[in-house]
Amino acid sequence: MVDAIAGFVVGKIGNYLIEEASMLMGVKDDLEELKTELTCIQGYLKDVEAREREDEVSKEWTKLVLDIAYDVEDVLDSYLMKLEERSQRRGVKRWTNKIGRKIDAYSIVEDIRTLKRRILDVTRKRETYGIGNFSEPRGGEKNLNLRVRELRRARSVDQEELVVGVEDDAKILLEKLLDDRVNKRYMISIFGMGGLGKTALARKLYNSCDVKKSFQYRAWTYVSQEYKTRDMLMRIIRSLGVACGEDLEKIRMFSEEELEVYLHGLLEGKKYLVVVDDIWELEAWESLKRALPGNHKGSRVIITTRIRAVAEAIDGRVYAHNLRFLTFEESWKLFEQKAFGNMKWVDEDLQMIGKEMIQKCSGLPLAIVVLGGVLSRKRPREWKMVCGSLWRRLKDKSIHVSTVFDLSFKELRHELKLCFLYLSIFPEDYEINVEKLIQLLVAEGFIEEDKEMMEDVARSYIEELIDRSLVKAERIERGKVITCKVHDLLRDVAIKKAKELNFINRYLSEKHRNKRMRSFLFFGESEDLVGRDFETIYLKLKLLRVLDLGGVRFPCEEGKKSLPEVIGDLIQLRYLGIADTFLSNLPSFISNLRFLQTLDASGNESIRQTIDLRNLTSLRHVIGKFVGELLLGDTVNLQTLRSISSYSWSKLNHEVFINLRDLEIFDSMWVDQRGVSLDLASFSKLKNLRALTLKVSTFKLSSESEETVRFQTLVELTLRCDIRRLPKDMDVIFPSLESLTLV
């Protein structure tokens, strides 16, 4: 995995040499040498990590490389941060800039040359102590990977979750769920070891047509080892779908007791089904039980757990179902679906090798699908090599999940390794929004700038991880992955690797603060944040690229929630997430964040004042509810604009949005809409538009010219419109349309 970090830093050095060449002239040659040495070392590291067992000397050597790679990144980022700070100075302070720049230039020259000496010393150590055999990075790999990515793109999202061998289990449990003779609330627990498919079975039942017809309300929540009752209650309430918009914002402010009362009131007298996924202890159920009425309407609760004692003692009226391992025939069927896909004919030798490996998986579905993901990308002659590698790693004569994961992980390109390890920052069982994940990966710098749009590349990486069964597609709409998850067992392995590399830091205290921190993300329902602690501990980390404070309750000033001013000093930010924070205004210091790519202010009140983002020329995604005028500068990178009032949209030059993909416009009661009219034909100038939402009262569906206007790229259209007003030639106007929603 160190090769991934080295590759990331090599890419960053290359970008700096191109973008900041004039400022780095004094150390250009030294940086070039650093880049060359790191590139060569990266090739060696790939060989080290491909070994069956890494010796202790190699481990210590790779740690030295890792420290240097991190230090290179720190030196470059710190230098450019100082330059940026000086460029923003005004008044008397500007006179000190010339002297300060000379000091900074001298400092970086010394730092880079020190790093160069260190890396040359590390290279000599490898040669002196004979650490491994050096190999140059293999040529043409990037182009090959690009071709493979293009060939395989979106394959995974067309497949439904593979569920094999649970037909009998599903039949038994479905009868229990739908048994009208049992009127009182009844518990069903599914238990078994991790990776057996407990959640998949519960999901199959939850989405059954018979279940949907039988239960008035259905809800799903997860628990995990670290849980908060308040979060679980909120997930159930959201899952029910009966509260939305302003009501949901009010509910977020409830205390835990108030949430219990509210949920109990919603479900009282109703026939409901609630799934509580991944319970580890009885106390978690006890904390939920008060909110779920024990009525006589035939309600049901399903829990999943790894622990038999929890499954059997969860309630007085409980049916505990022990999920079994797959038979060999079922295991082979699951493996075939994953490894061979739609192949019409499979070589007998491949079948024989596959069956040998499946026999050692001991009927554990997770191990089987991850193994299938590895082999699905292998040429026939490589299967024997995989088989031999697995035999050398056998534990207790069985193939464990961690064994197959290691094999799969080692084969990933360094970009994919970084993306997968990044998923370890999300909490256990967390349902990850793919759109947000893509924006984060781009902001972190994990996606190399190429001819393709970086967001498309990031999505292809996520889909490849799904295809390899390292990540699970949780929610799919129209063939597109909307949310995803990482299985607990795979996440545990990822966390272990990430900690070894100092890739993640889960501590939130001054004592454990990591000065190299580039990202700070908050997870959970709305919580109060002590302003002083926030400023003194976290936001003095000037190198932050990502700051996601979604759900945080900021302190009030003059009766309004406001962002801490110290955020305006984080000039390296690429991602600022302030969703669901109850903010109704954005401070002027936002304009300081000139490298910002994503501003996510969704889920908040309408922002009515004028917002000036003209200095933020790197913006790619602007999300919120902008009523007042939104001032934008260079919009060549802008892809997402949600949502903007029709008044504000009318003030903008629409022809400059050449890469806009997702646009939402709405009418607001807070501004005068008179004189504002939208002609649907005008949006045809947005040549890359894929999703358009118009929640406005008046607009024209047809063009005034006789020529038919076509939206070649639009796939999603949402309109506030009577169906009778729709033109008859919709298929001509919208040839690529996949979804039409009328609101």
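Start by selecting D169, A170, L173, L174 and L177 in helix 6, then add L201, K204 and L205 in helix 7: these two sets meet each other. Sorted by type, the residues of this contact come out as 6 nonpolar, no polar and 2 charged. Keep in mind as you click around that this is a predicted model.

Now widen the selection to both helices, residues 167–178 for helix 6 and residues 198–206 for helix 7. Two packed helices are described by the angle between their axes and the distance between the axes. Here the angle is about 50° and the axes are 10 Å apart. That angle makes helix 6 oblique to helix 7. Rotate the view to look through the pair, and the crossing of helix 6 and helix 7 is right-handed.

Time to zoom out for a moment. Show the whole protein as a cartoon and you have 25 helices and 26 strands to look at. There are 743 residues in the protein, and buried ones make up 52% of them. If you like contact maps, take the contacts in the protein with a separation of 6 or more: residues 24 or more positions apart account for 67% of those.

Next stop, a sheet. Strands of a sheet pair through backbone hydrogen bonds, either parallel or antiparallel. The one to pick out is an open sheet of 5 strands, ordered 2-3-4-1-5, with parallel pairing. Colour strand 2 (217–222) and strand 5 (318–322) to mark the edges; each has a single partner strand, so one side of each is left without a neighbour in the sheet. Going from one strand to the next, the twist averages 15°.

Stay in the sheet and select residues 272–279 and residues 300–305, which are strand 3 and strand 4. They run parallel and are joined by 5 bridges. Show V276 as sticks, and opposite this residue you'll find I303 in strand 4.

Now for some backbone oddities. Most residues other than glycine have a negative phi, and most peptide bonds are trans. The next three stops go the other way.

First, go to S224, in the loop between strand 2 and helix 9 (229–240). Phi of S224 is near 70°, a positive value in a residue other than glycine. Is S224 buried or exposed? With a relative accessible area of 2%, S224 is buried, the cut-off being under 20%.

Then jump to F582, in the loop between strand 15 (575–577) and strand 16 (598–600). F582 is not a glycine either, yet its phi is positive, at about 65°. F582 has 12% relative accessibility and therefore counts as buried.

For the peptide bond, select R642 and S643 and check omega: the bond joining them is cis, with omega about -20°. S643 is found in strand 20, which covers residues 640–645.

Last stop: T693, in strand 23 (residues 691–695). At 13% relative accessibility, T693 counts as buried too. Which residues is T693 in contact with, leaving aside its neighbours within four places in sequence? Select L663, E664, I665 and T718 and you have them. Leave those side chains on display with T693 and you can inspect each contact in turn.

Definitions and conventions. Residues are numbered from 1 along each chain as its sequence is written. This is a predicted model: local features need pLDDT of at least 70, side-chain atom pairs count only at pLDDT 80 or more; totals for chains, interfaces and linings use all residues. Side-chain values use heavy atoms; hydrogens and water are left out. Axes are lines fitted to C-alpha atoms, for helices over the stretch in contact, and angles run from 0 to 180 degrees between N-to-C directions. Helices (H or I, at least four residues) and strands (E, at least two) are DSSP runs, numbered from the N terminus. Angles under 35 degrees count as roughly parallel, over 145 as roughly antiparallel, 65 to 115 as roughly perpendicular and the rest as oblique. A crossing is left-handed if the near helix is turned anticlockwise from the far one by less than a right angle, and right-handed if clockwise. Contact means heavy atoms within 4.5 Å. Ala, Val, Leu, Ile, Met, Phe, Trp, Tyr, Cys and Pro count as nonpolar, Asp, Glu, Lys and Arg as charged, and the others, Gly among them, as polar. Two strands pair if DSSP finds at least two bridges between them. Buried means under 20% relative accessible area, exposed over 50%, partly exposed in between (1.4 Å probe, protein chains only).
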